[in-house]
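Me: I'd like a close look at one part of this model, with the terms explained as we go. Please start from a single spot and work outwards from there.

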Amino acid sequence: MSRLFATSFLARATGLLYLAGFVGIYGAGVPSAKAQTESNGGMTQEESQQYRDCIKLAQLKPEDGFESAIAWRDLGGGEPARHCVAVALISLGKYEEAATRLDALAKDSTAGPGVVAGMLAQAGQAWMMADNLEFAWRDQSRALELVPNNPQLWVDRAMALGLAGQYWEAIDDLNAALDLQPDHTEALIYRASAWRLLESYDLAMTDIEQVLNREPQNVQALFERGKLHQIAGDNDLARQDWLTVIELSNGTPVADAAKANIEKMDVRTGSD
């Protein structure tokens, strides 16, 4: 499996936790108290703020967040409290338990299809982190049945397919995402990675250059272009891209992967 897929997935899975839930699963908050109450399954502004605070604690101090979410749930916190419990479990690294709870929450939920799809998408992320790609694909497929016009859901399922080595199927899902949003950065980068793994290097470079023409400092795209340069025998260009990745994002998984690639290249070439 491509290291880019793996490092990108870890970054996205963690980032999703800040966005997921009853307050803007795939977007920012809502503009009014009335709209907020309707979109959050009847939550008031005060309840929405309690939910945000719970998610924040689950992220920053997951053990405390878990205890707080359990207490809130037992006091009648309902679906938001149950979701916060699952977020805390993900932060604690208990991915399978979190995914199981998210599946149950999605099954029981009285929220709208967009919110339920978000629960299933997050369950899919947790299943991937638990190395259960079959269940991840299942939940992501269920999410797409509910909200087929969300490009990010197609990208999520493509990630599971890519991790499973099903690159043609991943490309089909990424094509679906790009049909909905032609400039979707993640979809283009992941499709480039899949093309590379299928040895369609020209198609891979076309997707990467489309991203870099718009976002010249996108570290995931630079990392992938470095791989393509290396395959073409342009080690100097590969090194340049990977050094830029390290400079822009040192300490991140993608920067660590870039360092590892440079070290391997130096060993093979016998350079200092």
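Reply: First a term: a residue is exposed if its relative accessible area is over 50%, buried if it is under 20%, and partly exposed in between (1.4 Å probe, protein chains only). This is a predicted model, where local features need pLDDT of at least 70, side-chain atom pairs count only at pLDDT 80 or more, and totals for chains, interfaces and linings use all residues. Residues are numbered from 1 along each chain as its sequence is written, and side-chain values use heavy atoms, with hydrogens and water left out.

Our spot is Asp-131, which is exposed, with a relative accessible area of 70%. Asp-131 sits in the loop between helix H7 (113-129) and H8. (Helices are DSSP runs of H or I with at least four residues, strands are E runs of at least two, and both are numbered from the N terminus.) The phi of Asp-131 is positive, near 65°, and this is not a glycine. That's worth a look because most residues other than glycine have a negative phi.

Now step past the loop. Helix H8 (residues 133-146) packs on helix H9 (residues 151-163) at an angle of about 160°, with the axes 9 Å apart. The axes are lines fitted to C-alpha atoms, for helices over the stretch in contact, and angles run from 0 to 180 degrees between N-to-C directions. So H8 is roughly antiparallel to H9. (Under 35 degrees counts as roughly parallel, over 145 as roughly antiparallel, 65 to 115 as roughly perpendicular, and the rest as oblique.) The crossing of H8 over H9 is left-handed, a name used when the near helix is turned anticlockwise from the far one by less than a right angle; clockwise is right-handed.

Who touches whom? On the H8 side, the residues in contact include Trp-137, Gln-140 and Leu-144, and on the H9 side they include Trp-154, Arg-157 and Leu-161. Contact here means heavy atoms within 4.5 Å. By class, the residues of this H8 and H9 contact come to 10 nonpolar, 2 polar and 2 charged. For sorting, Ala, Val, Leu, Ile, Met, Phe, Trp, Tyr, Cys and Pro are nonpolar, Asp, Glu, Lys and Arg are charged, and the others, Gly among them, are polar.

On the other side of our loop, H7 meets H9 too: their axes come within 11 Å and cross at roughly 20°. That makes H7 roughly parallel to H9. Ala-117, Ala-121, Gln-125 and Met-128 of H7 make this contact with Leu-153, Asp-156, Met-159, Ala-160 and Leu-163 of H9. Sorted by class, that is 7 nonpolar, 1 polar and 1 charged residues. H7 also passes H9 in a left-handed crossing.

Further along, Glu-199 has a phi near 65°, again positive in a residue other than glycine. Glu-199 belongs to the loop between helix H11 (185-197) and helix H12 (201-214), and is exposed, with a relative accessible area of 59%.

For contrast, try H5 (residues 78-91), where 11 of the 14 residues are buried, among them His-83, Cys-84 and Leu-89. After H5 comes Gly-93, with a positive phi near 85°.

Zooming right out, the protein chain has 15 helices and 0 strands, and 51% of its 272 residues count as buried.
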